[in-house]
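Reader: I am new to this structure. Please pick one part, look at it closely, and then work outward from there.

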Amino acid sequence: MWNTVFPYILSGISVGGQYALIAIGYTMVYGILRLINFAHGDVFMVSGIIMVYMAASGAPLWLCIPLVLILTALIGFVIERVAYKPLRTAPRMSAMISAIGVSYTLQNLVLYITGGLNQIYPTIPWISDSVTLFGATTKVVTVVTPILTLILVVALVLLINHTKIGMAMRAVSRDFETSQLMGIKINSVISTTFVIGTFLAGVASLLYFTNYTTVIQTSGAMPGLKAFVAAVFGGIGSIPGAVIGAFIIGIAENIIKGLDIILFKAGIIPGPMGLATFSDAFTFALLIIILAVKPTGLFGEKTTDKV
Amino acid sequence: MERNINRKRIDSATIISAAIVLCLYIAVFIAEQILPSTSMLFTVLKKGATYALVAVSMNLCNGFTGIFSLGQAGFMLIGAYVYGIFTIPVISRADVYQYYSGGLVQFTLPVFVAMLLAGLAAAFFAFLIGLPVLRLKSDYLAIATLGFAEIIRALFQWDKLGPVTNGSNMLRLFPTFNDFNIRGADGQVTVYLSTLVPLLISGVCIGAIILLINSTFGRALKAIRDDEIAAEAMGVRLASHKRLAFCISSFFAGVGGAMLAMYQTTVQAKSFTTAMTYEILLIVVIGGIGSVTGSCISSFLFVAASEWWLRFLDQKQMIGNFEVPLLRNGFRLVVFSIIIMIVVLFFRRGIMGTRELPDIIRGWQRKKKGGASK
């Protein structure tokens, strides 16, 4: 039994870590701007594409990786300046539509550049190697992801709780206008948020595509949506919430992928039920349930609307 | 807009607008008899009619009621499947459902009954999903409806439902727009109607939505959009109004889905992605959130631009001996997305803002009068 379930849990933890890194970007941006950054998943995908092209240009990997991360963060910065900043005073819906527009643009741009073909992600040595862990064979990246995720999250939490920019972020997310009156330069705070968020998405793309090996213009959409669901699940605006939500969703999704085999081997169902179809749907069902039962998520702050 | 609230009688501007629409229909009918039926114009008109209906239905929800729903693709999928499932001729069923021994449904409904059923099925699902989802606020509602569309997409691809939905295989061989053409005894087409009929269906549905928007119910919806709390204080029942608006919008999205099925001639669940919803949302935004006329115009523009006018961007073009750089497959979509971003960022009100065709005509009339009096 354990031998059947364990590989799924293992890959669930790995995917969960990758979702967590993306989810942080969503949750930070939402915490500050109250904007669902629909383009975040596509930035994640673009980061993968940049890596493909950079490795193809013959640059050594030790140079590629930091360069990809910097470029990804730069893209996040530019997107915020071009597409969201002009709409800051507009109704919330306008900014969200702009985010959808950016997502559409990024996807089409990548479609144009790649010709809509699957791009093979370069093999990063060491983390692409195979290891055997408690009887399950997997890639090193599976083991590295959760550890790296936790290190990055701890670093981020320290940054937010103990530095000046972190304090500014907290202030802006609490009250936009008052923090402006207190002399916080909100433009730079918002830009920093985007840079951090997209940087983490870049790290996630390194890990995720090492695992899945191909990138296409639509490969950012699903992980992006799921990471967003994770952020909502954990309580949007809360970083630990997003991380926990991401791990839960990652594990649940992978267990459902193998549910047919697990249940079959446990003798509960007589034959395959094709339940793996629902691995994506389950995430969204979870989202609807959590929103219906506890709209602010697991760790979200309760807000009261004043009339 | 306040000016219009007490307007009961039909004024000349409304009549002129109706006449314009009628003229367009007649023009389409004549064009269809004269021009070859393979002309791009008809493809654009057919797809445009479909998208116009879906865009207007989305506008009813997002623009007039303020329910920011992103579930349109899901409702279209339901509509398309219900239409497909009930209209495939019994003879062809063994062929279509080849992996599920002919499928479960062994009868055929008339086209229009099936379309109605498509709408009703979508509305029913909207009712179900509305129970938990409609209590949510703006962006949470958006993401929940988006999630619902994804769930529906997975459900329709489930192998166990194969005898009904054909699993992940496509539905085909059901009546399409071309079956609206009237054929003579020898099988030759005598009267071409394959473009006019979809335009008529879409026109009737949009007409119904316009009547709804101008009714007391429609005004209550606008009140909800502008200020929920104030509307509630004035005696508008929020929950029931929102639910009804959501269901009606989904009904028409379902009918639109059935039309899309007819346009595409095949249906496959995996093509109803969130990208489709985004596309329709962008149409609504370009046309102007809260304008039915705007949604219609922008649907046709969007479809014409993406299927027809900008096609040349996808091929190599030569001006004399100079090969225009950048032009290759996919460039059209890049140009297109940039146009969309410009509209979203700089022309936030879209083509029409919240105005309708009669409003514009009234503006012209007033300007004329003003000019004469001077």
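Author: Start with B:F331. Its relative accessible area is 15%, under the 20% cut-off, so B:F331 counts as buried. Keep in mind that this is a predicted model.

B:F331 has an aromatic partner, and aromatic pairs recur here. Over all chains, the count comes to 22 aromatic pairs. One of them joins B:F331 to A:Y112. The ring centres lie 5.2 Å apart, and the planes meet at 50°, which makes the pair tilted. This pair crosses between chains. On one side is A:Y112, in helix α4 (residues 92-114) of chain A. On the other is B:F331, in helix α15 (residues 331-346) of chain B. A:Y112 is covered as well. Its relative accessibility is 8%, so A:Y112 is buried.

A second tilted pair is found in chain A: A:Y121 with A:F209. Here the centres are 5.6 Å apart, with 40° between the planes. This pair links distant parts of the chain, 88 residues apart. A:Y121 sits in the loop between β1 (119-120) and β2 (130-133) of chain A. A:F209 belongs to helix α8 (residues 186-212) of chain A. Both residues are buried. They also have aromatic company. A:F44, A:Y208 and A:Y212 join A:Y121 and A:F209 in one aromatic cluster.

Stay in chain A for one more residue, A:I255. It lies in helix α10 (residues 239-257) of chain A. Its relative accessible area is 24%, so A:I255 is partly exposed rather than buried. Leaving out residues up to four places away in sequence, A:I255 touches A:Y8, A:I9 and A:I262. Now consider A:L10. It is 245 residues from A:I255 along the chain, yet their C-alpha atoms are separated by 9.8 Å.

Now return to chain B as a whole. It has 16 helices and six strands. Along its principal axes, the C-alpha trace spans about 75 × 60 × 50 Å. Is that extent in line with a compact globule, or at odds with it? For 374 residues, such a globule would have a radius of gyration near 21 Å; chain B has 22 Å, so the two agree. Of those 374 residues, 54% count as buried. Contacts reach far along the sequence too. Among contacts with a separation of 6 or more, 76% are between residues 24 or more positions apart. The chain exposes about 17100 Å², and carbon and sulfur atoms supply 66% of that area.

One helix of chain B deserves a closer look: α3. It covers residues 40-65 and holds 26 residues. At 1.5 Å a residue, the helix should span 38 Å; its end C-alpha atoms are 36 Å apart, so the model agrees with the expectation. The helix does bend. A kink of about 35° is centred on B:N59. Most of α3(B) is covered, with 23 of its 26 residues buried.

B:S57 shows that cover at one position. It lies in helix α3 of chain B. Its relative accessible area is 0%, so B:S57 is buried. Setting aside residues up to four places away in sequence, B:S57 touches B:Q72, B:I209, B:S249, B:F252 and B:A253. Last, look just past the helix. B:G66 follows α3(B), and its phi is positive, near 80°.

How values were computed. Residues are numbered from 1 along each chain as its sequence is written. Chains are lettered from A and ligands numbered from 1 in the order in which they are written. This is a predicted model: local features need pLDDT of at least 70, side-chain atom pairs count only at pLDDT 80 or more; totals for chains, interfaces and linings use all residues. Side-chain values use heavy atoms; hydrogens and water are left out. Helices (H or I, at least four residues) and strands (E, at least two) are DSSP runs, numbered from the N terminus. The expected span of a helix is 1.5 Å times one less than its number of residues. The bend at a residue is the angle between axes fitted to the seven residues ending there and the seven starting there. Buried means under 20% relative accessible area, exposed over 50%, partly exposed in between (1.4 Å probe, protein chains only). The radius of gyration is taken over C-alpha atoms; the globule rule is 2.2 Å times the number of residues to the power 0.38. Contact means heavy atoms within 4.5 Å. Accessible areas come from the Shrake-Rupley method with a 1.4 Å probe; for residues, only the protein chains shown count as cover. Rings of Phe, Tyr and Trp (its six-membered ring) pair if their centres lie within 6.5 Å; planes under 30 degrees apart count as stacked, over 60 as edge-to-face and the rest as tilted.
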